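Colleague: Please take a close look at one part of this model, the interface between the two chains. I would like one connected account of what is there.

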There are 2 protein chains.
Amino acid sequence: MPRRADQMRLGAFLYPGGHHVAAWRHPASQADAGIDPVHYRRLAQVAERAGFDLLFLADGVSIRGDDLDALSRTAIRYVGQFEPLTLLAHLSAVTERIGLVATASTTYNEPFHVARKFASLDHLSGGRAGWNLVTSADPREAYNFGRESHLAHARRYARAEEFVDVVAGLWDSFEDDAFVRDRAEGRFFDPAKLHALDHEGEHFSVRGPLNVPRPPQGHPVVVQAGSSEAGKSLAARTAEVIFTAQDTLADAVAFYADVKGRMEGHGRHPDDLKIMPGAFPVVGRTEGEAQDKYGALQDLIHPVVGRSLLEQLAGIDLSGHPDDGPVPEAPETEGGKSRQALLLTLARREGLTIRDLYLRVAGARGHWTLVGTPDRIADALQERFEARGADGFNIMPPTLPGGLDDFATLVIPELQRRGLFRTAYEGRTLRENLGLRRPAHRRHGPARRA
Amino acid sequence: MPRRADQMRLGAFLYPGGHHVAAWRHPASQADAGIDPVHYRRLAQVAERAGFDLLFLADGVSIRGDDLDALSRTAIRYVGQFEPLTLLAHLSAVTERIGLVATASTTYNEPFHVARKFASLDHLSGGRAGWNLVTSADPREAYNFGRESHLAHARRYARAEEFVDVVAGLWDSFEDDAFVRDRAEGRFFDPAKLHALDHEGEHFSVRGPLNVPRPPQGHPVVVQAGSSEAGKSLAARTAEVIFTAQDTLADAVAFYADVKGRMEGHGRHPDDLKIMPGAFPVVGRTEGEAQDKYGALQDLIHPVVGRSLLEQLAGIDLSGHPDDGPVPEAPETEGGKSRQALLLTLARREGLTIRDLYLRVAGARGHWTLVGTPDRIADALQERFEARGADGFNIMPPTLPGGLDDFATLVIPELQRRGLFRTAYEGRTLRENLGLRRPAHRRHGPARRA
């Protein structure tokens, strides 16, 4: 297999005290991380010094779970942390090069607000904003927005398809050079370079224009995470980065080929999209140290938390099923379909008990777990990158700040020695660093009703 | 009249290049201020060094005006500037004491999002967030959110009344000491200290809880700006700061007595609310210098801009009416009722022509204009403060950064010499500096449907 000419992209996916479900209990994490700006400022600066392409923040507009006992034992189910856009706007003041990607749902937001806030973040950061577009699948989110149930999967994606087009159109409200600011003439902007959107669609009517100048990047980078059929289709048409969970090399290569293969049908080049699966690295100077680190975290998983998380990730009801027994069958849900299938296939393939499966997934929540020395972890990342199973990785440190420090000081130097990762930022904007072209301004006419 | 025991509060109301409608054309302003983070960081630090209680940012979710020629000649009608919450989150990283007040409308937002973002800002800033609650009256805003017209005045205020209660309830989702973070026990928060809201009302159904710990201030400070009957009623029940436009001393004293007099009916003490009218100071070292400064700005008002702004502020159609003629009668609008009445009364009282009136209001847009030496300006502020026409002022610098520098270096030292303004911050949070008590946590039961 030929070595790739490009280098891998790396995201630093920040969760309050780390991605391991029990991280907050571990001394390498900070227990009150979720609401400590000093913690996040330090993480952002560590990641920037290490050359990460971007910071990545997930989001949820409700707590996740009705089992209060389980919920009260975890820090990572959106129980108490910063809202991501405000946090990234804060971090934009103390960083200069690293990209800032926040999650915002298309299900309970208005496209005008989303377009405006990300455009604002792009201006605040000098062109470093990215929007991770998700749909909301948790009924508890619906209850916070006057709905009695969450939208069905197909309906959610239909709304997302239209939402992203409206947002892109709003970002093009002004041409790049519209603001002439001619003091002598008294002309602040050229009215011929302002375009209303006049969008009338199935889900949204938005006249526009957006009242923010065109973002420095043209459009903030659009990130997506869906791996369902509808998710892949939306991504092939509109995404520029995909964050995904692929457990095996074969799955990763198949997913990569599948999504990139769909792009030509939308007039896009495969390089217009960077596929960055999650990777959960537990780094030790020796294999033994790495295994010990991982073991220490696993030992901190409370059984109540493990079972509850498995129930939620797989969309199954475990009540009455013992920890040592097999994982029961599950009805197909409207929620995260792809993750459910992935987990149940894994359990069947390896004959896992409920405890086995929750120990397997509770830590990294179904993401690719890498436990080992910097060399071994670099080997695994390199293999998947060169096999075209990934264009890079969204690094999910098990603990924070400890796990990010480990990756930055131990793994990244090894990737750099191999020529797989940058030693200095190539550009000023997130697009420049990711190697994504800047979208040309498009004049939008009124959209026709479908 | 006895001198007051308390000191005046001062807000720094930041508009991109200044509040004067032609500010962006003046050399003391920065023409591209609206999207320059360096400009805002500098303003925030100047204001903090001067001891201002808070930064104040207005907002609008559309451009304001259909007359493209007029619109393209101004920088202040929300044509191209940062979204305020992202901007304040950014500024929270480079300031330590000054309050951060952003406007967010109750008309086209969801209470869950508003509660969450301001709670997040309060955590990011260590207790310095404030929410300026407004309703949206411009039809162009409605068009950006799938509506064919804006909500009627009464309906907007009914929605706002319920909205603010839902937001306050969400801020009380967790008790102050809910997050125990007991690593040994594996208990992140005490489930007995988490309270869902279970709100079911006329306008909103919100189950909650909010997924953010209780804000450092308990509740971010609630600011309001409405001066209509419905606005005053809402403010007397829920506001902690009022930003208002009162042109004369008599009007200011009457408004102050009116609103404070309504508070007892809601079980509130008059000191629980600070009334801070806008003040537009043009400062010169001599009267002549001040008048020249003002004149230079007034000369920069393009007639197209002046007429258009007057049409919008007063809700009247001037077409066919010459600049030198009288101001025509106007139909009562659903928009900013109080401002319309104020302007038309002013025109009748002083017999102003259209040009006279637009020159009068275009600069400060109907706010109290003070042109003079630091001494004279301090006299006027002191008089209004001591007459109980105000608890402080929201300072609207004509140009930025120039006008803020003038006020900070020339007027504030004079106020300090008179003992009217602090020389050092009293506290760490906005509430502490404003002298507002921290609200105790309230357990909310399910709200009854009206």
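Modeller: The two chains bury about 6,600 Å² between them, and 58% of that area is on carbon and sulfur atoms. This is a predicted model, and everything below is computed from it. In terms of residues, 73 of chain A are in contact with 73 of chain B.

The polar part of the interface can be counted in two ways. Between chain A and chain B there are 53 residue pairs in polar contact, with both residues at pLDDT 80 or more. The salt-bridge rule finds six salt bridges across the interface. Glu83(A) and Lys117(B) form a salt bridge, with their closest N and O atoms 3.0 Å apart.

As for which elements of chain A take part, those that give two or more residues to the side touching chain B are helix 2 (68-71), helix 3 (84-91), helix 4 (111-124), helix 5 (139-143) and strand 6 (205-206). Helix 4 of chain A gives the most, with seven residues. Sorted by class, the side of chain A that touches chain B holds 34 nonpolar, 22 polar and 17 charged residues.

The arrangement of the two copies comes next. A turn of 180 degrees, with a shift of 0.0 Å along the axis, lays chain A on chain B with an RMSD of 0.0 Å. This is the relation of a two-fold axis. His90(A) has the C-alpha nearest the axis in chain A, at 2.0 Å from it. Both copies use the same surface, as 100% of the contact residues of chain A recur in chain B.

Two helices can be added for the burial of their residues. In chain A, helix 7 (residues 229-238) has Gly231(A), Lys232(A), Leu234(A), Ala235(A), Ala236(A) and Thr238(A) buried. The cover over these buried residues includes three strands of chain A, namely strand 4 (129-134), strand 7 (221-224) and strand 8 (241-244), together with helix 6 (153-171) and helix 8 (249-263) of chain A. In chain B, helix 12 (residues 354-364) has as its buried residues Ile354(B), Leu357(B), Tyr358(B), Val361(B), Ala362(B), Gly363(B) and Ala364(B). Arg365(B), just after helix 12 of chain B, takes a positive phi of about 50 degrees.

Terms used: Residues are numbered from 1 along each chain as its sequence is written. Chains are lettered from A and ligands numbered from 1 in the order in which they are written. This is a predicted model: local features need pLDDT of at least 70, side-chain atom pairs count only at pLDDT 80 or more; totals for chains, interfaces and linings use all residues. Side-chain values use heavy atoms; hydrogens and water are left out. Contact means heavy atoms within 4.5 Å. Buried area is the accessible area (1.4 Å probe) that two parts lose on being put together, summed over both. A salt bridge is a side-chain nitrogen of Lys or Arg within 4 Å of a carboxyl oxygen of Asp or Glu. A polar contact is a pair of N or O atoms within 3.5 Å; within protein, one must be able to donate a hydrogen and the other to accept it, and residues adjacent in sequence count only if both atoms are side-chain atoms. Helices (H or I, at least four residues) and strands (E, at least two) are DSSP runs, numbered from the N terminus. Ala, Val, Leu, Ile, Met, Phe, Trp, Tyr, Cys and Pro count as nonpolar, Asp, Glu, Lys and Arg as charged, and the others, Gly among them, as polar. Buried means under 20% relative accessible area, exposed over 50%, partly exposed in between (1.4 Å probe, protein chains only). Copies are superposed by least squares on the C-alpha atoms of residues with pLDDT of at least 70 in both.
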